[in-house]
Amino acid sequence: MTAQIDKSLLEDLLTANQAMSNAITKILSSIKDERWVTPLQAEAELGIPSQTIRYLARSGQVASRLIGKKRMEVLLSDLQSRA
C-alpha cells in the first residue's frame, strides 16, 4: 500500500509540528527545578565544586537544610544561576 501526500498538506504538517515544538520549549523553559540535592549531586549536575557549594550554603548565599547531624542538602535552583 502506498500513499501520496499533497505538498500543501506536508507544509501544513511541518508548520503544526514547529508550533508544537515551540510550545513545548516554552513550557519546559518555564519549569523551575525545585529539587533538594546533596552538594555532590549538585556538583555532578552543574559542575560547581562541592566545596564551593558547601561554602555558599554555610554562608547563607543559597538555600540549604541539614538532614541529620552532618548531611546537607541545597536547593538546586539557587545554584543554577551560578553555574
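The following paragraphs lead through a predicted model of one protein chain, from its overall form to individual residues.

The secondary structure of this chain consists of 4 helices and 3 strands. Followed along the sequence, these elements appear in the order α-β-α-α-β-β-α. The chain is more spread out than a compact globule, because its radius of gyration is 22 Å, well over the 12 Å that the globule rule gives for 83 residues. A box drawn along the principal axes to hold the C-alpha atoms has dimensions of roughly 70 × 25 × 20 Å.

The surface and the interior may be considered next. Of the 83 residues in the chain, 20% are buried. The chain exposes about 6,700 Å², and carbon and sulfur atoms supply 56% of this area. Charge can be described in a similar way: the chain has 11 positive and 9 negative charges, and the mean positions of the two groups lie 16 Å apart.

Contacts show how distant parts of the sequence are brought together. Among the contacts between residues at least 6 apart in sequence, 50% join residues at least 24 apart. One pair of residues illustrates proximity of this kind: Leu76 and Arg35 are separated by 41 residues in sequence, but their C-alpha atoms are 5.7 Å apart in space.

Which residues make up the largest nonpolar core? This core has 11 residues in all, namely Val37, Ala42, Ile48, Ile53, Leu56, Ala57, Val62, Met72, Val74, Leu76 and Leu79. Two or more residues come from each of helix 3 (50-58), strand 3 (71-75) and helix 4 (76-80). Helix 3 gives the most, with 3 residues.

Two members of the core deserve individual attention. Leu76 has its place in helix 4. Its relative accessible area is 0%, and buried means under 20%, so Leu76 counts as buried. Leu79, when its neighbours within four places in sequence are left aside, is in contact with Ala42, Leu46, Ile48, Ile53, Leu56, Val62 and Val74.

A final example comes from a loop. Thr38 lies between strand 1 (36-37) and helix 2 (39-46). Is Thr38 buried or exposed? Thr38 is buried, because its relative accessible area of 14% falls under the 20% limit. Apart from residues up to four places away in sequence, Thr38 touches Arg71, Met72 and Glu73. One of these, Met72, is also listed in the largest nonpolar core.

Technical notes: Residues are numbered from 1 along each chain as its sequence is written. This is a predicted model: local features need pLDDT of at least 70, side-chain atom pairs count only at pLDDT 80 or more; totals for chains, interfaces and linings use all residues. Side-chain values use heavy atoms; hydrogens and water are left out. The radius of gyration is taken over C-alpha atoms; the globule rule is 2.2 Å times the number of residues to the power 0.38. Buried means under 20% relative accessible area, exposed over 50%, partly exposed in between (1.4 Å probe, protein chains only). Contact means heavy atoms within 4.5 Å. Accessible areas come from the Shrake-Rupley method with a 1.4 Å probe; for residues, only the protein chains shown count as cover. Lys and Arg count as positive and Asp and Glu as negative; His and the chain ends are not counted. The place of a charge is taken as NZ of Lys, CZ of Arg, CG of Asp or CD of Glu. A nonpolar core is a set of buried Ala, Val, Leu, Ile, Met, Phe, Trp, Tyr and Cys residues joined through side-chain atoms within 4.5 Å.
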